[in-house]
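This report looks at a ligand site and at several individual residues elsewhere in the chain. The reader may wish to keep the sequence and the structure in view while reading.

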Amino acid sequence: MKQTVDELPLNKELTDVLHQLGIKQVNPAYSTGLAWGGQEGRKARTVTSPADGATIATVNMASAEDYDKVVTTAQEAFKVWRKVPAPKRGEIVRQIGDKLREHKEALGKLVSYEMGKIYQEGLGEVQEMIDICDFAVGLSRQLHGFTMHSERPQHRMYEQYHPLGIVGVISAFNFPVAVWSWNAMLAAVCGDVIIWKPSEKTPLTGVACQHIIREVLAENELPEGIFNLIIGDAEIGSLMSHDKRVPLVSATGSTRMGKKVGEAVGARLGKSLLELGGNNAIILTESADMEMALRAIVFGAVGTCGQRCTSTRRLIIHENIYEQVKERLLKVYPNLPIGHPLDATTLVGPLIDKDAVNAFTNALEKVQQEGGKLLTGGEVLSGDGYETGTYVKPAVVEAENHYEMVQEETFAPILYLIKYSGDVENAIELQNGVRQGLSSAIFSTNLLETEAFLGHWGSDCGIANVNIGTSGAEIGGAFGGEKETGGGRESGSDAWRVYMRRQTNTINYSRELPLAQGIKFDIMD
Ligand code: NAD
């Protein structure tokens, strides 16, 4: 069944959004850029909005044959794309950025409606895509390697970076489009072709992005297969991880998923870029500026309804200010505006689905069995506006760092308050005392404390912030984390290098053939 936008049970505003994004049909199983495929005869999946339960689309899940077709098309496209000079590839990305600017409001709304984050955050996500396009355009003129001096006379040595081929991108539901763009725009200027498998929970925003890409490819008469989309679940992700034709798999999601992808890619000695779960803490020392800290804590803990990889999950507070912080939080939490994500007054939208709600309530139950004390929140909301059962009241729990539930990442708005005494090194030890290593922060106006936090004996995370919360990274820095967060880096800085293969070249411009290390190897004529 081909499903058109006008057949969807959506309100007019959202139908208009889909039309603005150029979407006519919502259920292709794959796209090779210019062409769409697999609208019929595939396993169907109904996608509903966590905001109001409306059916947004019934998408088709790609088959193994569809996947194969996409890979073959991508391989052909690579032969053309890699020969396009990098700054010209940058020009294509510039045009994608311009289209994203044009569609920012519509795409932001769709992100908000499909994923459940508030409209402001939906807009922020699209802005992040625009920012990475700008970054990638500049980068397209700077894919540089080093030159070095040879030990041999009249020899020259240098390094260059070449494209890899197909980059597989597996993304998570919570940043349904931004994480793809972080990978895809850098990979594209590097000369790679991309196959994107968005989360099966948020495929429609993937389809929307593919429409935007399609316009640019068509306007520039580029071949299909440079930017590909494949709709599927873990099965397609697994095909990609095992596929030798995909030299790099960039996977964002849970640590559980990352271990499987890492193992499959590792077994074939491919490259993987893993961006996995976090268990992020803010340290509040006695010298913290309380007003600044409170805003960062609440945004970090309840923003995106606690569904950011960088969400603040633990607050490590000095015992002398503990009661004061607790009191302030208990004043703010009960008044948080929870509601429809497209309502301008809302600060906390819904969780993605009922499974996420169950994970939230189970975690609260278990942590209380371990000795944790629920201070506020934890209810699943019902009644007017909350009929979906996906709206919850963010919770604050007094806990200890070693509790099993505190050690886990529960992808929901639960903030654990943990007390520390003595100096900042005790707080840092608690902060580092989890399996994950994504984001961390300290609020302190004492240089000795902040430098201890940033020193090599300080935070063990990929991101360590001072007087800024754990969430809301800029694209200019490399993004990623250590330990069970997977070790990958993407986005800014020199993260582009992972999308390329490195080659060392030595050139002899003499008429002699001296060997390195002075080795003598004369053959008799
Ligand atoms: P998830 O692990 O359930 O799914 C993520 C993606 O992996 C989906 O596209 C899914 O289809 C795919 N997948 C699942 N099993 C797979 C397998 N065996 N092989 C290949 N692909 C597979 O995660 P989610 O619920 O969508 O997202 C939430 C998680 O993502 C959280 O743990 C969060 O911390 C993490 N996350 C991390 C970052 C980061 O940059 N570190 C960013 C966003 C989200």
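What follows describes a predicted model, beginning with the surroundings of the ligand and going on to selected residues.

**The ligand and its shell**

The ligand is surrounded by 28 residues, and the closest of them are S171, E200, S254, L276 and E409. Sorted by class, this shell contains 12 nonpolar, 10 polar and 6 charged residues. Two domains take part in the shell, since domain 1 (63–276 + 491–501) and domain 2 (280–474) each supply at least three residues.

Oxygen atoms of the ligand lie at short listed distances from N or O atoms of three residues, and the table sets these pairs side by side.

| Residue | Protein atom | Ligand atom | Distance |
|---|---|---|---|
| S171 | backbone N or O | oxygen | 2.8 Å |
| F173 | backbone N or O | oxygen | 3.2 Å |
| E275 | side-chain N or O | oxygen | 3.4 Å |

How much of the ligand's surface does the protein bury? Taken alone, the ligand exposes 850 Å², and 91% of that area is buried by the protein. Among the secondary-structure elements, those that contribute two or more residues to the shell are the helices α8 (234–242) and α9 (255–267).

**E275 and the annotated region**

E275, whose side chain has an N or O atom 3.4 Å from an oxygen atom of the ligand, is also the residue that UniProt lists, in an unreviewed entry, under "active site". Where in the fold does E275 sit? The residue belongs to strand β11, which covers residues 271–275. E275 counts as buried because its relative accessible area is 5%, and buried means under 20%.

The unreviewed UniProt entry further lists residues 41–504 as "domain: Aldehyde dehydrogenase". Over that stretch of the predicted chain, helix accounts for 39% and strand for 21%, while the C-alpha atoms at its two ends are 49 Å apart.

**Two buried residues in helices**

W180 is placed in helix α6, which runs over residues 178–189, and with a relative accessible area of 3% W180 is buried. Although W180 and A251 are separated by 71 residues in sequence, their C-alpha atoms are 9.8 Å apart in space.

T255 lies in helix α9, one of the elements that give two or more residues to the shell around the ligand. Is T255 buried or exposed? Its relative accessible area of 14% makes T255 buried. With respect to V5, which is 250 residues away along the chain, the C-alpha atom of T255 is at a separation of 36 Å.

**Positive phi values and the loop between β19 and β20**

Most residues other than glycine have a negative phi. Against that background, N467 has a phi near 55 degrees, which is positive although the residue is not a glycine. N467 is located in the loop that connects β19 (463–466) with β20 (478–479), and its relative accessibility of 25% places N467 in the partly exposed class.

G477 occupies the loop between β19 and β20 as well. With a relative accessible area of 33%, G477 is partly exposed. The C-alpha atoms of G477 and K244 are 30 Å apart, and in sequence the two residues are 233 positions from each other.

Q517 also has a positive phi, near 60 degrees, in a residue other than glycine. Where along the chain is Q517 found? Q517 lies in the segment that comes after β23 (500–508), and at 64% relative accessibility Q517 is counted as exposed.

Note on methods:
Residues numbered from 1 in each chain as written. Predicted model: local features only at pLDDT ≥ 70, side-chain atom pairs only at ≥ 80, totals over all residues. Heavy atoms only, no water. Near = heavy atom within 4 Å. Polar contact = N/O pair within 3.5 Å; in protein donor to acceptor, adjacent residues only side chain to side chain. Areas by Shrake-Rupley, 256 points an atom, 1.4 Å probe, with all protein chains shown as cover. Helix = DSSP H or I, 4+ residues; strand = E, 2+ residues; numbered from the N terminus. Nonpolar A, V, L, I, M, F, W, Y, C, P; charged D, E, K, R; others polar. Domains from an automatic or database assignment. UniProt positions renumbered as here; feature names shortened; annotations may be inferred. Buried < 20%, exposed > 50% of the residue type's maximum accessible area, 1.4 Å probe, protein only.
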